[in-house]
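Hi everyone, thanks for coming along. Let me put the sequence and the model up on the screen, and then we'll walk through it together.

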Amino acid sequence: MVVWKKNTDLARINATSENTIISLLGIEYTQIGDDFIEATMPVDARTHQPHGLLHGGASVVLAETLGSVAANLAVPQDRVCVGLEVNANHIRSVKKGLVTGTATAVHIGYSTQIWQIEIKNERQQLVCTSRLTVAVINRPKD
């Protein structure tokens, strides 16, 4: 079942990342399915913590980014989603390479949404599991 209410494509979504923390960390949207969105993030000096491992905060940025984009694609044009809560469990460390995050809906309601984001390493091993809750509100007037 297709959950998206707004039309988009990868080029358009990636273009919205210019001059943001998303582009700073090298996050790139790679796939949109009927009910999921996926992005990659490099594990390098931009995303390391002092011990040379993937920083948990960088994983949370990837997770919240994916969940927020997905949530906003799943509401009509007159509605937007804003974050209420994000949590993350860090399962496995990563020193280098690329991680891939995938966001899927747990709940898409009229006033709230919940998105599950799994981040995996290049061997498809779970690195981080995260959950994002958003509020659905009327689009603010300019």
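Let's begin at Q124, which counts as exposed at 55% relative accessibility. On the cut-offs, buried means under 20% relative accessible area, exposed means over 50%, and partly exposed is in between, with a 1.4 Å probe and protein chains only. Q124 sits in the loop between β5 and β6, and although it is not a glycine, it has a positive phi of about 65°. Most residues other than glycine have a negative phi.

Before I go on, two housekeeping remarks. This is a predicted model, so local features need pLDDT of at least 70 and side-chain atom pairs count only at pLDDT 80 or more, while totals for chains, interfaces and linings use all residues. Residues are numbered from 1 along each chain as its sequence is written, and side-chain values use heavy atoms, with hydrogens and water left out.

Now, which residue in the loop between α1 (10-15) and α2 (21-24) should we look at next? That would be N19. N19 is not a glycine either, yet its phi is positive, at about 60°. N19 is exposed as well, with a relative accessible area of 78%.

Let's step back to the whole chain. There are three helices and six strands, and by helix and strand I mean DSSP runs, H or I of at least four residues for helices and E of at least two for strands, numbered from the N terminus. Going along the sequence, you read α-α-β-β-α-β-β-β-β.

What about overall dimensions? The C-alpha trace spans about 45 × 30 × 25 Å along its principal axes. For 142 residues, a compact globule would have a radius of gyration near 14 Å, and the chain's 15 Å agrees with that. That radius is taken over C-alpha atoms, and the globule rule is 2.2 Å times the number of residues to the power 0.38.

Of those 142 residues, 39% count as buried. The chain exposes about 7,800 Å², with carbon and sulfur atoms supplying 51% of it; the areas come from the Shrake-Rupley method with a 1.4 Å probe, and for residues only the protein chains shown count as cover.

So what is inside? In soluble globular proteins, nonpolar side chains tend to be buried together. Here the largest nonpolar core has 35 residues, and I37 and W115 have the most contacts inside it. A nonpolar core, to be clear, is a set of buried Ala, Val, Leu, Ile, Met, Phe, Trp, Tyr and Cys residues joined through side-chain atoms within 4.5 Å. The elements giving two or more residues to this core are β2 (36-43), α3 (56-73), β4 (97-108), β5 (112-120) and β6 (126-138). Which element gives the largest share? Helix α3 does, with nine residues.

While we're on α3, please find E64 in that helix. E64 is partly exposed, at 32% relative accessibility. Contact here means heavy atoms within 4.5 Å, and leaving aside neighbours within four places in sequence, E64 is in contact with V86 and L132. E64 and L132 are 68 residues apart in sequence but 6.5 Å apart in space, C-alpha to C-alpha.

G57 is in α3 too, and it is partly exposed at 31% relative accessible area. Its C-alpha atom is 8.5 Å from that of T47, ten residues away along the chain.

Next, look at the loop between α3 and β3 (79-90), where you'll find A74. Is A74 buried or exposed? Buried, with a relative accessible area of 4%. Not counting residues up to four places away in sequence, A74 touches V3, W4, K5, I108, Q113 and W115. W115, you'll recall, is one of the two residues with the most contacts inside the core.

For a contrasting picture, take G109, in the loop between β4 and β5. G109 is partly exposed, with a relative accessible area of 22%. The C-alpha atoms of G109 and V94 are 35 Å apart, with their positions 15 residues apart along the chain.

Finally, a word on contacts across the chain. Among those between residues at least 6 apart in sequence, 62% join residues at least 24 apart. Thanks, and I'm happy to go back to any of these spots on the screen.
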